[in-house]
Amino acid sequence: MTSSGTSFDTLWAAILDVGRNPANGGYRRFAWTEADLTLREWFTGEAARRGMDVEVDRNGNLWAWWLPPGWSGDPRDAFVTGSHLDSVPDGGAFDGPLGIVSAFAAIDIVRERGVVPAIPVGVAAFSDEEGARFGVACVGSQLSTGALSADRARGLRDIDGVTLAEALTRVGRDPAHLGPDPRLVERVGVFVELHVEQGRALDLVDAPIAVASSIWPHGRWEFTFDGEANHAGATRLVDRRDPMLAFASSVHTARAQAAAHHAVATFGKVIVAPNGANAIPSQIRAWLDARAADETTLGALVEAISAEAQRHAVRESVTLDVIAESITPIVEFPDGPRTRLTKALHHLGDIPVLPTAAGHDAGILSAQVPTAMLFVRNPTGVSHSPAEYAEPADCNRGAIALADVMADWVTR
């Protein structure tokens, strides 16, 4: 095995057990919890081991800098790579951390080649990309770009009622500092995010690496069905105002409407009150995740699901309120960085260029800085699950590909 392979494998092994659920092998690395803090310490340690300066910005995003010899002052026009460290509930090992591990491994590879960068190189770990704890995705990058207001972010609550402001205070951070990063545009010349593929397009064409063309528009909507709590045994069926029935019908509606619009729609998170086995629910709160190839289709999809859900609610004598929690427009990655990536990897042959329906920090940052993405093959296509997987050989190929791109970008 090459030394570059050893670098990736050692880095990967060091975090493999952090936040892992022994019951199913999935991960619970939620923002500002013990697992997240442990991974942040690991990030800082690996950066220090490479002589990189580390900082935490006003939104809790981590930045590690490899500066050119003789560089003075703040990084400018840097080549930045990285991803995120948090996970969805019982998610896989690769979504997010693969990009961070590959970034450090790529730096090792570039240094082994004797490359001396002419511009700064950064590794970034963005906070709370998945939104698993507070319900809004890409909190760190959205705050930095101004897409998410500081006031709204501070008021976000987790399932236990803890606000983001309170969570930050508990770990010694001042929530008053949240807000747009005025240095972002000047510091980041390009952001290249490496990510495990979430789908199996690469497996179908037998290719280990791809370049992203775009990110589908997507969003999250909270559906609140309010009915009347009552006794599960003593209440006649005709006297019930059961919000569960309207919700269940809406789940089927979402699937049917997604198929009709050639899109995807998922009710994946549900909170039931009072959540008793012998009680008719008083309220169902459910979150719809919807994604489509274009914004017009996405809007039509959500409107159709909402309208049908309202009809289900009326039929069951319950009320419905629908609130858009977050909506991310389509991201078309710019031709310049994408073309440069494919040229830097020309020795690998024809590199597939693929769209993705999954959201990423690169998509959020693209509103202000040039961005691009690399995907590493996922042979099963499974993601956001303990079964998420990438072959070790492909992971090492991804780190080498990222090193090729980095070397090309930083050599002047």
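The following legends describe close-up views of a predicted model.

**Figure 1. The annotated binding site brings together Asp-95, Glu-130 and His-384.** The UniProt annotation "binding site", from an unreviewed entry, covers these three residues. Although they span 290 residues in sequence, no two of their C-alpha atoms are more than 9.9 Å apart, so the three gather at one spot. The side chains of His-384 and Asp-95 make a polar contact of 2.9 Å. Glu-130 is in contact with both Asp-95 and His-384.

**Figure 2. Surroundings of Glu-130 in the loop between β4 (121-126) and α4 (139-145).** With a relative accessibility of 6%, Glu-130 counts as buried, because the limit for that class is under 20%. Neighbours within four places in sequence set aside, Glu-130 is in contact with His-84, Asp-86, Ser-87, Val-88, Asp-95, Ala-137, Arg-220 and His-384. Among these partners, Asp-95 and His-384 share the UniProt "binding site" annotation with Glu-130.

**Figure 3. Surroundings of His-384 in the loop between β15 (371-376) and α13.** His-384 counts as partly exposed, at 39% relative accessibility. Apart from neighbours within four places in sequence, the contacts of His-384 are Val-88, Asp-90, Gly-91, Gly-92, Asp-95, Glu-130 and Gln-198. With Asp-95 there is also a side-chain polar contact, at 2.9 Å.

**Figure 4. Helix α13 comprises residues 392-410.** At 1.5 Å a residue, the 19 residues of this helix should span 27 Å, and the end C-alpha atoms are 27 Å apart, which agrees. Of the 19 residues of α13, 14 are buried, so the helix is largely enclosed by the rest of the structure.

**Figure 5. A cis peptide bond and a positive phi occur in the loop between β9 and β10.** Most residues other than glycine have a negative phi, and most peptide bonds are trans. Here the bond joining Ala-273 and Pro-274 is cis, with omega about 0°. Pro-274 lies in the loop between β9 (264-273) and β10 (279-280). Asn-275 is found in the loop between β9 and β10 as well, and has a positive phi of about 65° although it is not a glycine. The relative accessible area of Asn-275 is 60%, and the residue is exposed.

**Figure 6. Asp-77 has a positive phi in the loop between β2 (62-66) and β3 (78-84).** The phi of Asp-77 is about 50°, although the residue is not a glycine. Asp-77 is partly exposed, with a relative accessible area of 40%.

**Figure 7. The contact between domain 1 and domain 2.** The domain assignment of the chain gives domain 1 as 7-216 + 330-411 and domain 2 as 218-328. The contact takes 14 residues from domain 1 and 11 residues from domain 2. The C-alpha centres of the two domains lie 33 Å apart. The area buried between domain 1 and domain 2 is about 1,100 Å², and carbon and sulfur atoms give 47% of this area. Gly-135, Trp-216 and Ile-330 supply 51% of the area that domain 1 buries against domain 2, more than any other three residues.

**Figure 8. Asp-108 of helix α3 (residues 97-112) pairs with Arg-50.** The side chains of Asp-108 and Arg-50 are joined by a polar contact of 2.9 Å. Asp-108 counts as buried at 15% relative accessibility. Residues up to four places away in sequence are not counted in the contacts of Asp-108, which touches Ser-7 and Arg-50.

**Figure 9. Environment of Phe-126 in strand β4.** Phe-126 is buried, with a relative accessible area of 3%. Neighbours within four places in sequence left aside, Phe-126 is in contact with Asn-61, Trp-63, Ser-83, His-84, Leu-85, Asp-86, Ser-141, Phe-191, Asp-361 and Leu-365. Two of these partners, His-84 and Asp-86, are also in contact with Glu-130. The C-alpha atoms of Phe-126 and Lys-269 are separated by 23 Å, and the two residues are 143 residues apart along the chain.

Methods:
Residues are numbered from 1 along each chain as its sequence is written. This is a predicted model: local features need pLDDT of at least 70, side-chain atom pairs count only at pLDDT 80 or more; totals for chains, interfaces and linings use all residues. Side-chain values use heavy atoms; hydrogens and water are left out. Helices (H or I, at least four residues) and strands (E, at least two) are DSSP runs, numbered from the N terminus. The expected span of a helix is 1.5 Å times one less than its number of residues. Buried means under 20% relative accessible area, exposed over 50%, partly exposed in between (1.4 Å probe, protein chains only). UniProt positions are given in the numbering used here, feature names are shortened, and annotations may be inferred rather than shown by experiment. Contact means heavy atoms within 4.5 Å. A polar contact is a pair of N or O atoms within 3.5 Å; within protein, one must be able to donate a hydrogen and the other to accept it, and residues adjacent in sequence count only if both atoms are side-chain atoms. Domain bounds come from an automatic or database domain assignment. Buried area is the accessible area (1.4 Å probe) that two parts lose on being put together, summed over both.
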